[in-house]
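Trainee: Could we go through this one together? I'd like to understand what ties the chain to itself.

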Amino acid sequence: MKSNSSILIKLLVLQCLAVVCLSQSFDFFYFVQQWPGSYCDTRQSCCYPETGKPDEDFGIHGLWPNYNDGTYPSSCDRSNSFDESKISDLLSRLEKDWPTLACPSGDGIKFWGHEWSKHGTCSESLLDQYSYFQKALDLKAKANLLQALQTAGIRPADGKYHSLESIKEAIEQALGVTTIFIDCNVDTRGNHQIYQVYLCVDTSASNFIECPVLPHGRPCGNKIEFPSFSSDSNHDEL
């Protein structure tokens, strides 16, 4: 009996160690922000969240642990499920800065739960659920991409095209880094649209760093637009 108990304890310890090692085993984060008008043009439809039409500003897509070789951990701890009650005092900020555009209209819980389960659990030895979402919200405020672009004379959703280099330079100068990645969408008319901006962050999820490796995203043309929510966009207001 004592032998069986000892074996069980050892198995539990090994299981716990496996989770800890897995969740610690990453080198940096990608902090990914998304332009909402472009999201709507990449899908057959998009829906405003139940809280209403989002601001014409970058929204958070996720905070993703990554390895220096370009691979990444995923779904590291299925036992640590998303718990809305743990982030209750962050909900208003999440609704504003991390909105869902998936259809049918939702409150964001499904989106945030997916991001925590797939990505957040791989950093759980450093960040609990509350810290994971708080850090992402703080990073958005710290980056302030919209302000960085406006300071450089680039006004998103103005109907104009901007060069990829001018966009990258504006963001890199504001953040003090020289490596970011911009992912573009091409709409049905062949226009290149800014879709996502990848910034690299240290393992504390506090500081922007030079990217050890860039993701394999969709390339951008020389002229890029920031599409606005408009009457001819494929979105449904539910």
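Trainee: Which cysteine does Cys76 pair with?

Mentor: This is a predicted model, and in it a disulfide joins Cys76 to Cys122, with an S to S distance of 2.1 Å. The pair links distant parts of the chain, since Cys76 lies in the loop between β3 and α3 while Cys122 lies in the loop between α4 (109–118) and α5, 46 residues apart.

Trainee: Right- or left-handed, and why?

Mentor: Right-handed, because the torsion about the S-S bond of Cys76 and Cys122 is about 95 degrees.

Trainee: And are those two cysteines buried or exposed?

Mentor: Cys76 and Cys122 are both buried.

Trainee: How many disulfides are there in the structure?

Mentor: There are five disulfides, and if you number the bonded cysteines in sequence order, the pairing runs 1-2, 3-5, 4-6, 7-10, 8-9.

Trainee: What about Cys40, what is it joined to?

Mentor: Cys40 is joined to Cys46 by a disulfide with an S to S distance of 2.0 Å, and that link is right-handed, with 85 degrees about the S-S bond. Cys40 has a relative accessible area of 0% and is therefore buried, and Cys46, also at 0%, is buried too.

Trainee: Where do Cys200 and Cys211 sit?

Mentor: Cys200 and Cys211 form a disulfide with their sulfur atoms 2.1 Å apart, and Cys200 is in strand β6 (residues 192–201), whereas Cys211 is in the loop between β7 (208–209) and β8 (223–225). Cys211 counts as buried because its relative accessibility is 11%, and Cys200 counts as buried at 1%.

Trainee: Switching to charges, how many salt bridges does the structure hold?

Mentor: Seven. In one of them the side chains of Lys140 and Asp57 meet at 3.2 Å, N to O, which links helix α5 (residues 129–143), where Lys140 lies, with the loop between β2 (46–47) and β3 (59–66), where Asp57 lies, 83 residues apart.

Trainee: Why does Lys140 count as buried?

Mentor: Lys140 counts as buried because its relative accessibility is 8%, which is under the 20% cut-off.

Trainee: Which lysine does Asp97 meet besides Lys96?

Mentor: Asp97 forms a salt bridge with Lys140, the closest N and O atoms being 3.7 Å apart, and this pair links helix α3 (residues 91–97) with helix α5 across 43 residues. The salt bridge of Lys96 with Asp97 has its closest N and O atoms 3.5 Å apart.

Trainee: So which residues end up in one network?

Mentor: Through shared partners, salt bridges join Asp55, Asp57, Lys96, Asp97 and Lys140 into one network.

Notes
Residues are numbered from 1 along each chain as its sequence is written. This is a predicted model: local features need pLDDT of at least 70, side-chain atom pairs count only at pLDDT 80 or more; totals for chains, interfaces and linings use all residues. Side-chain values use heavy atoms; hydrogens and water are left out. A salt bridge is a side-chain nitrogen of Lys or Arg within 4 Å of a carboxyl oxygen of Asp or Glu. Helices (H or I, at least four residues) and strands (E, at least two) are DSSP runs, numbered from the N terminus. Buried means under 20% relative accessible area, exposed over 50%, partly exposed in between (1.4 Å probe, protein chains only). A disulfide is a pair of cysteine sulfur atoms within 2.5 Å.
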